[in-house]
Amino acid sequence: MLAPGECQVCGGGLLDLSRVAVCERCLESVRPETLPCCHLCGERCAVEEIAGAGFGRAADLRCEACSAEAPGFARAFAFGPYSGNLRALIRLHKFEGTQELAVPLGARLATVLRSVAAETEAPVLHVVAVPLFGSRRRYNQSEQMADAALRELRRSGEAGRFLAAHRVLRRVRATESQSHLTPAQRKKNVRGAFAVRGDVIGWTAVVVDDVYTTGATAAECTRTLREAGAANVYVVTLARTQPERVERWGALDLG
């Protein structure tokens, strides 16, 4: 009790005992995305893309990829960029077995689910965590965060429209780790990797994952659900990788 230990993110001393070995300063430093992003996939837009949409019209913003071809899902939402302390927390939860982080990360994810609820009038939103294959990991970090987010929404009386439905989507074959693959390789890697178990006809599904990188996993989950009869699919992640090419933000305000 006199020496609670060190924060696993910054290395500083913890001031009190906690199940989460991360200091409050590191947890509170995680902030939502605030820069102008593509309205469909959430990628930060370059200045020329913002100018093309018209300053002040956030709903018209499209990145180059979504301008060329709209994604299969309705929209992808993310809490923040996959960098800094948010990246460190996700990696601790996913790879270091720090399952206690599901609670504070789930609280952040709950804010993203609120955005989905505000986006659609669907009476029920079926929350589906991206599944793992077999026993690749002792726990599914995305499912843990999704469930923690739903508990957070229940505590605030906002969970009425959300229904956990993780078992409806399953991974039917093993896939390579995506981290070292190109976008084209990622798409090929997950093609046919998922299947629907049960009836999803007419559903508005919310696919939950920890990180949106190229969108290959999100797109394949969406394709699988839509082909099985889902009416609409939203994608929710805690973080999204963002391109380094985006510069010169200035004082843009898209409202």
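**Exercises: cysteines, cores and rings**

The structure holds zero disulfides (pairs of cysteine sulfur atoms within 2.5 Å). Keep in mind that this is a predicted model, where local features need pLDDT of at least 70, side-chain atom pairs count only at pLDDT 80 or more, and totals for chains, interfaces and linings use all residues. Residues are numbered from 1 along each chain as its sequence is written, and side-chain values use heavy atoms, with hydrogens and water left out.

**Exercise 1.** Work out why Cys63 is not bonded to Cys41.

*Solution.*
- Step one: find the closest cysteine sulfur to that of Cys63. It belongs to Cys41 and is 3.7 Å away, so the two are too far apart for a bond.
- Step two: check burial. Cys63 has a relative accessible area of 1% and is buried (buried means under 20%, exposed over 50%, partly exposed in between, with a 1.4 Å probe and protein chains only). Cys41 is buried too, at 5%.
- Step three: place Cys41. It sits in the loop between helix H1 (24–28) and helix H2 (47–53); helices (H or I, at least four residues) and strands (E, at least two) are DSSP runs, numbered from the N terminus.
- Step four: list its company. Beyond neighbours within four places in sequence, Cys41 is in contact (heavy atoms within 4.5 Å) with residues including Cys63, Phe73 and Tyr212.

**Exercise 2.** Describe how the rings of Phe73 and Tyr212 are arranged.

*Solution.*
- Step one: look at centres and planes. Rings of Phe, Tyr and Trp (its six-membered ring) pair if their centres lie within 6.5 Å; planes under 30 degrees apart count as stacked, over 60 as edge-to-face and the rest as tilted. Here the centres are 6.4 Å apart and the planes at 85 degrees, so the pair is edge-to-face.
- Step two: trace the chain. Phe73 is in the loop between helix H3 (64–68) and S1, while Tyr212 is in strand S6, 139 residues away.
- Step three: check burial. Phe73 is buried at 5%, and Tyr212 at 7%.

**Exercise 3.** Find which element gives the largest share of the largest nonpolar core.

*Solution.*
- Step one: get the core. A nonpolar core is a set of buried Ala, Val, Leu, Ile, Met, Phe, Trp, Tyr and Cys residues joined through side-chain atoms within 4.5 Å. The largest has 39 residues, and Val22, Leu113 and Val236 are among those with the most contacts inside it.
- Step two: compare elements. H5 gives the largest share, seven residues.
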